[in-house]
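Let's take a walk through this one together. Have the viewer open and follow along from one end of the chain to the other.

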Amino acid sequence: MTRQPGLIAALIAVLLVALWFLPAWAPYFYIFVAAEILILGLFAAGFNLVFGYTGMLSLGHAAFFGFGAYVTAMLLLHFETPLALALIASLAGAGCSRSSSASSVCA
């Protein structure tokens, strides 16, 4: 079977357009399930990089994952922050939580 790069690119483009319009026509449950699958898939890929390829058991990325999720949830629920700003703040918070040394940028 020969590769057809144009066909593969067209299929990927159709898939991306379908995912872009998913919230417009799908019920909330399916959007929630799709988001959970993508989030946990990203987490699993990070764990596979650390544990699978290098063989090191490190759960540090799990702490960053959890801290970012916690900061995002608290900002959205209690402070009614816009989602984009909450995501940026959670990235900054997770980055600042990595080190408590005096030379840290966030200290």
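What follows goes from the overall layout to the details of single helices and residues.

Before anything else, keep in mind that this is a predicted model. The protein has 5 helices and 0 strands, so if you read along the sequence the pattern is simply α-α-α-α-α. Of the 107 residues in the protein, buried ones make up 11%. To count as buried here, a residue has to have under 20% relative accessible area.

Start with helix α1, which covers residues 5–20 and includes leucine 16. Is leucine 16 buried or exposed? Its relative accessibility is 54%, and because anything over 50% is called exposed, leucine 16 gets that label. Leucine 16 also has company: together with Ile8, Ile12, Leu15 and Leu19, it makes a nonpolar surface patch of about 490 Å². If you colour your surface by residue type, those are the side chains to pick out.

Now move on to helix α3, where there is plenty to look at. Helix α3 runs over residues 28–53, which is 26 residues. From its first C-alpha to its last it reaches 37 Å, close to the 38 Å expected at 1.5 Å a residue. That doesn't rule out a bend, though: α3 has a kink of about 25°, centred on phenylalanine 47. Just after α3 comes glycine 55, with a positive phi of about 80°.

Aromatic rings are the next thing to check. How many aromatic pairs does a search of the whole structure find? The search turns up 4. Take tyrosine 28 and phenylalanine 32: their ring centres are 6.3 Å apart and their planes sit at 25°, so this pair counts as stacked, the cut-off being planes under 30 degrees apart. Both residues belong to helix α3, 4 residues apart, or about one turn of the helix. Why does that spacing suit a pair of neighbouring side chains? An α-helix has 3.6 residues a turn, so residues three or four places apart point the same way. As for solvent, tyrosine 28 is exposed at 66% relative accessible area, while phenylalanine 32 is partly exposed at 41%.

Further along α3 you'll find another stacked pair, phenylalanine 47 and phenylalanine 51, with 5.5 Å centre to centre and 25° between the planes. These two are also 4 residues apart in helix α3, about one turn of the helix. Phenylalanine 47, where the kink is centred, is partly exposed with a relative accessible area of 28%. Phenylalanine 51 is partly exposed as well, at 38%.

One more stop in α3 is alanine 34. Alanine 34 has 25% relative accessibility, so it falls in the partly exposed class. In sequence it is 12 residues from leucine 22, and in space the two are 9.7 Å apart, C-alpha to C-alpha.

Finally, look at the loop between α4 (60–78) and α5 (83–96), which holds glutamate 80. What sign does the phi of glutamate 80 have? It is positive, about 50°, although the residue is not a glycine. For background, most residues other than glycine have a negative phi. Glutamate 80 is exposed too, with a relative accessible area of 69%.

Note on methods. Residues numbered from 1 in each chain as written. Predicted model: local features only at pLDDT ≥ 70, side-chain atom pairs only at ≥ 80, totals over all residues. Heavy atoms only, no water. Patch = residues over 30% accessible without salt bridge, like charges linked within 9 Å, V, L, I, M, F, W, Y side chains within 5 Å. Areas by Shrake-Rupley, 256 points an atom, 1.4 Å probe, with all protein chains shown as cover. Salt bridge = Lys/Arg side-chain N within 4 Å of Asp/Glu carboxyl O. Buried < 20%, exposed > 50% of the residue type's maximum accessible area, 1.4 Å probe, protein only. Expected span 1.5 Å × (residues − 1). Bend = angle between axes of the 7 residues up to and from the residue. Phe/Tyr/Trp six-rings, centres within 6.5 Å; stacked < 30°, edge-to-face > 60°.
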